[in-house]
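Biologist: I am new to this structure and would like a close look at one part of it. Could you take a single helix and describe, step by step, what surrounds it?

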Amino acid sequence: MDSTSIITQVCKEDEIISSSQEKVSQSGLSLKKQRSRSFFSSFFCCFRDYNVESNSNSSSNVQSPAVEENGSIAKPINNADFIVPVEIDGTVHQVYVLKRPHVDLFLQKMGQLFECVLFTASLAKYADPVADLLDRWGVFRARLFRESCVFHRGNYVKDLSRLGRDLSKVIIVDNSPASYIFHPENAVPVQSWFDDMSDTELYDLIPFFEGLSKEEDVYTMLQNLRGR
């Protein structure tokens, strides 16, 4: 996609969107600065060749005693790749993170093709430290959390129109249709993932995104994808 962008989402179990800090602030959203360039990209948004200040779907399964985005209850797991202590309401809980197969390769490839931003309906207090551990390559240029979503009919929706971008250049990759209910024509749906280590969905999506990165308008390819 020539001097444009794509939104993908590679983050937690229930969630990949991006935008430049200037554009998002104009629409009432705030981008959290990436702590360092050495960091995950969980399902995200990508804007190619846009100036997003360097700051800071599912690619991982994040589980804790808290309620995850859009209502799913998280449970502890025994073979976690990361365990992150998070304080919630004065109590420290352990957040268990199991990485989806091929997420490392997927994130690296997306970082080469697009400018990526994490957009998650999870709370920053645990999504942010998880992202620090997951994105070792600094793929995410910025991070958007629950406060940047729109609460609509009991769900946290990622409203792409608020990014101030040309929607023909925007894609959201997400396992929850409720997350992109405002813009289903911009979505690349993925299956929810929990612990199937033989899963290859992220790996299989790489050629699709390589082709999409060369397109001026994302809608044709996305329409063909939905028609399969």
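Modeller: What follows is a walk around helix α4, from its helix partners to a salt bridge and then to a neighbouring hairpin. The model is a predicted one, and in it helix α4 covers residues 201-212 while helix α5 covers residues 219-227.

Two packed helices are described by the angle between their axes and the distance between the axes. For α2 and α4, the angle is about 10° and the axes lie 9 Å apart, and the two helices are therefore roughly parallel to each other. On the α2 side the contact is made by Val103, Leu105, Phe106, Lys109, Met110 and Leu113, and on the α4 side by Leu202, Tyr203, Leu205, Ile206, Phe209 and Glu210. Sorted by class, the residues of this contact are ten nonpolar, two charged and no polar.

With α5 the arrangement is of another kind, since the axes of α4 and α5 come within 10 Å and cross at roughly 150°, which makes α4 roughly antiparallel to α5. This crossing of α4 and α5 is right-handed. Here Phe208, Gly211 and Leu212 of α4 meet Met221, Leu222 and Leu225 of α5, a set that divides into five nonpolar residues, one polar residue and no charged ones.

Helix α4 also takes part in a salt bridge, in which the side chains of Glu201 and Arg100 meet at 2.9 Å, N to O. Because Arg100 lies in the loop between β5 and α2 (103-113) and Glu201 in helix α4, the pair ties together parts that are 101 residues apart in sequence. In the whole structure, a search finds eight salt bridges.

That loop leads back to strand β5 (residues 91-99), which pairs with strand β4 (residues 82-88) in the antiparallel sense over seven bridges. Within this pairing, Val86 stands opposite His93 of β5. The hairpin of β4 and β5 has two residues between its strands, and in it Asp89 takes a positive phi near 55°.

How values were computed
Residues are numbered from 1 along each chain as its sequence is written. This is a predicted model: local features need pLDDT of at least 70, side-chain atom pairs count only at pLDDT 80 or more; totals for chains, interfaces and linings use all residues. Side-chain values use heavy atoms; hydrogens and water are left out. Axes are lines fitted to C-alpha atoms, for helices over the stretch in contact, and angles run from 0 to 180 degrees between N-to-C directions. Helices (H or I, at least four residues) and strands (E, at least two) are DSSP runs, numbered from the N terminus. Angles under 35 degrees count as roughly parallel, over 145 as roughly antiparallel, 65 to 115 as roughly perpendicular and the rest as oblique. A crossing is left-handed if the near helix is turned anticlockwise from the far one by less than a right angle, and right-handed if clockwise. Contact means heavy atoms within 4.5 Å. Ala, Val, Leu, Ile, Met, Phe, Trp, Tyr, Cys and Pro count as nonpolar, Asp, Glu, Lys and Arg as charged, and the others, Gly among them, as polar. Two strands pair if DSSP finds at least two bridges between them. A salt bridge is a side-chain nitrogen of Lys or Arg within 4 Å of a carboxyl oxygen of Asp or Glu.
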